[in-house]
Number of protein chains: 2
Amino acid sequence: MSPASLRSAFPVFDEVAYLNSGTCGPVAAASVEAAREELHIAAIEGRASNYYERLIDLHGRLRSIYATRLGAGDVNDVALTSSTSEGVVRVLEGLDLGPEDQVVTSVDEHPGLTGPLANLRARFGVQVRAVGFDDVADAVGPATKLVAVSHVSWIDGRVAPLDALAEVARSGVAVLLDGAQGVGAIDFSVEELGCTFYAGSGQKWMCGPVGTGMLWVGAEWRERLPAMGPIYMNLVDAGAGLDAVPHADARRHDTFTLSAEAAAFAVAAHDTVAAHGGWAAAAVEAADRAEAFAEELRARGRDVLPRGRTTLVSWRDEDATAFVQRAAAHRIVVRELPGRGVVRASIGAWNSEDDLERLLALVA
Amino acid sequence: MSPASLRSAFPVFDEVAYLNSGTCGPVAAASVEAAREELHIAAIEGRASNYYERLIDLHGRLRSIYATRLGAGDVNDVALTSSTSEGVVRVLEGLDLGPEDQVVTSVDEHPGLTGPLANLRARFGVQVRAVGFDDVADAVGPATKLVAVSHVSWIDGRVAPLDALAEVARSGVAVLLDGAQGVGAIDFSVEELGCTFYAGSGQKWMCGPVGTGMLWVGAEWRERLPAMGPIYMNLVDAGAGLDAVPHADARRHDTFTLSAEAAAFAVAAHDTVAAHGGWAAAAVEAADRAEAFAEELRARGRDVLPRGRTTLVSWRDEDATAFVQRAAAHRIVVRELPGRGVVRASIGAWNSEDDLERLLALVA
């Protein structure tokens, strides 16, 4: 792992201490070039069968990449989505929950999960129980059909109680992990986590374009989770008209459309990290660096929120809005968690000691 | 209207007689440049609040563009989708149809409509009745809750029986038009059509990127059609957690994510046609040119399928596959309609006499 070499692949670091991969990862020069090349070909040749052949090839490569990062045994258990939220919605809408059913979630979830849960409650009368992030497994009761919770909390970088959740899944209650801050950030395997569904982002720690993501559906639900739509690419034989059936695997959940240029951007992003030390090493590097940074904050008397071995470091600041603005003026990009008085730094293997020292200088 | 000036904005025409806008429109040089510029900014500055400010601005411009092309009275009756199919799915899933309900459609619909209808039938027992394209209004019966049909047939360019469908809508049965071959190709206003929902494509006659489209929802269903999800951008206040509610207009149906670079591509495409004679003139030019071409085919004894005043011309060919391949070898792009022995040419204002003469030379 050579962080300097990895870092040089991302133009943002030429001037900016970019510590916001938890929103969107840095964009690799190779990604811009790959997307530009696809656009160029489309402009010169037109977009007919040639375009769709390229698109299908790129979809296959991206699905394989996501399967590898998720540690999925079967590449076709992974759907290409446009965001973590889309994966969440496809699971929630597919489960056909009603007034007798309860979903357990935490009080610290992202609108990409709470929005759809609010809708299930308002539209179908589904019971939604929100408890502390560490207590989600214990809150499971007889009416619980699903536990839906972050793998890694977007608030503070805590890791969900995975062993207890695996036990929940084994007991027959589905477990959906929101992996927005998981996939690409930390090393794991969905098969070992023991969850039922895993929804992840493409534009955050995978450094892909806005509009990419993935949904893993385990064997238990592979052929049971209904397809939304399904439309052309989700069908075994689109020409079968009213007799068409969806794929018997996660391809039935592929998003409505993913352009060749977006897929090429995503593939190039993955290959960039792979070529500069690899993803597993990057996860170790990032976790070490994040913990060291948290320690520096604590040493300076800062109230760092409890966290796990992840890439997020959050701390309290009475005026988080002002801090984030002041940082931006110094070309340091971190974010505020609105309404919480909390600043969050996202630390990747692409961040240097210098990035963190610049940020520390502002905190102190 | 200067077709030569318009044509010069699209690099594909330097060498290719591209007659396939019914699949994907030509890509403007300005679109490639606009997307590349957004990617460049994202790579240099990172993707934090700056990126989302640009994205929101571009979304607003694109929504306004789509509203204008649709002739929608209220810009917020238009949702940004990723495809015609997504708009169709959002309507079909939102109507909560069951075994007592019937959907009338035609035997000539695209998989983007037949796939979701097959699913409604298999999953919820919804009755689906497929009749001739011209007969959809007459087929409405007491159980009919929705007529779902193409505005312009993707098979042959016929126009749906719009007056009769407007009468159906006035009688209280919802009418969903699949406008994949309508919006951007022909000039119309959804308000005057009298339909209930209109789903359209961004990547075809609007010349946007793959992954764009729109859904218009008329006043009757504005606040009633349930949101899918809804997720961050669909919510009035995403920070309201489990109490969040969707927008009271079509923004509740905006697709999960639409990147700044894709939106910039789409806006630049629209502005390109607007700057070279305008959309209304382009529609007239294309329709005239398509009818003249159909007449030439007929004069050569070809069996042209019945068509309307649209941009599609289809004719029978015993070996349509071979014809399309032979055309491609001559750098002429048309498409086959699989299983029908039909070749389809898509004719836009950007196509020249020379394009059509090259194609005619091959047909004769």
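When two helices run at an angle over 145 degrees, they count as roughly antiparallel. Keep that cut-off in mind for a pair of helices we'll meet further down. The model you're looking at is a predicted one, so let's walk through it from the whole assembly down to single helices.

Start with the two chains. If you turn chain B by 180°, with 0.0 Å of shift along the rotation axis, it lands on chain A with an RMSD of 0.0 Å. That is the relation of a two-fold axis. Want a landmark for that axis? Look for Arg36(B): its C-alpha is the one in chain B nearest the axis, at 3.2 Å.

Now for the place where the chains touch. How many residues does each chain bring to the contact? Chain B gives 68 residues, and chain A gives 68 residues. On the chain B side, the elements that supply two or more residues are α2 (29-45), α4 (84-94), α5 (111-124) and β4 (127-131). Sort the residues on that side by class and you get 40 nonpolar, 19 polar and nine charged. And since 100% of the interface residues of chain B are also interface residues in chain A, the copies meet through the same surface.

Next, zoom in on chain A alone. This chain is split into domain 1, made of 3-19 + 277-363, and domain 2, which covers 33-273. Measure from C-alpha centre to C-alpha centre and the two domains of chain A sit 27 Å apart. Where they touch, domain 1 puts in 18 residues and domain 2 puts in 13 residues. Which elements of domain 1 give two or more residues to that contact? They are α9 (279-299) and β9 (312-316) of chain A. The largest share of the domain 1 side, six residues, belongs to α9(A). As for the kinds of residue on that domain 1 side, there are 13 nonpolar, four polar and one charged.

Let's stay in chain A and look at how some helices pack. Two packed helices are described by the angle between their axes and the distance between the axes. Take α2 (residues 29-45) and α8 (residues 260-275) of chain A: the angle is about 150°, and the axes are 8 Å apart. Here's where the opening cut-off pays off: α2(A) and α8(A) are therefore roughly antiparallel to each other. Their crossing is right-handed. From α2(A), the residues that take part include Ala30(A), Ala34(A) and Leu39(A), while Ala264(A), Phe265(A) and Ala268(A) are among those from α8(A). By class, this contact has 10 nonpolar, two polar and two charged residues.

Helix α8(A) has another partner, α3 (residues 49-70) of chain A, and here the angle is about 35° with the axes 9 Å apart. This time the crossing is left-handed. Among the α3(A) residues involved are Tyr51(A), Leu55(A), Leu58(A) and Leu62(A), and they have Ala260(A), Ala263(A) and Val267(A) among the residues across from them in α8(A). This contact, too, divides into 10 nonpolar, two polar and two charged residues.

Finally, hop over to chain B and find α3 (residues 49-70) and α8 (residues 260-275) there. They pack at an angle of about 35°, with axes 9 Å apart, and α3(B) passes α8(B) in a left-handed crossing. Arg54(B), His59(B) and Ile65(B) are some of the α3(B) residues that take part, and His270(B) is one of those from α8(B). Count this contact by class and there are 10 nonpolar, two polar and two charged residues.

Notes:
Residues numbered from 1 in each chain as written. Chains lettered and ligands numbered in written order. Predicted model: local features only at pLDDT ≥ 70, side-chain atom pairs only at ≥ 80, totals over all residues. Least-squares fit on C-alpha atoms with pLDDT ≥ 70 in both. Contact = placed C-beta atoms within 7 Å. Helix = DSSP H or I, 4+ residues; strand = E, 2+ residues; numbered from the N terminus. Nonpolar A, V, L, I, M, F, W, Y, C, P; charged D, E, K, R; others polar. Domains from an automatic or database assignment. Axes fitted to C-alpha atoms, helices over the stretch in contact; angles between N-to-C directions. Parallel < 35°, antiparallel > 145°, perpendicular 65-115°, else oblique. Left-handed = near helix turned anticlockwise from the far one by under 90°.
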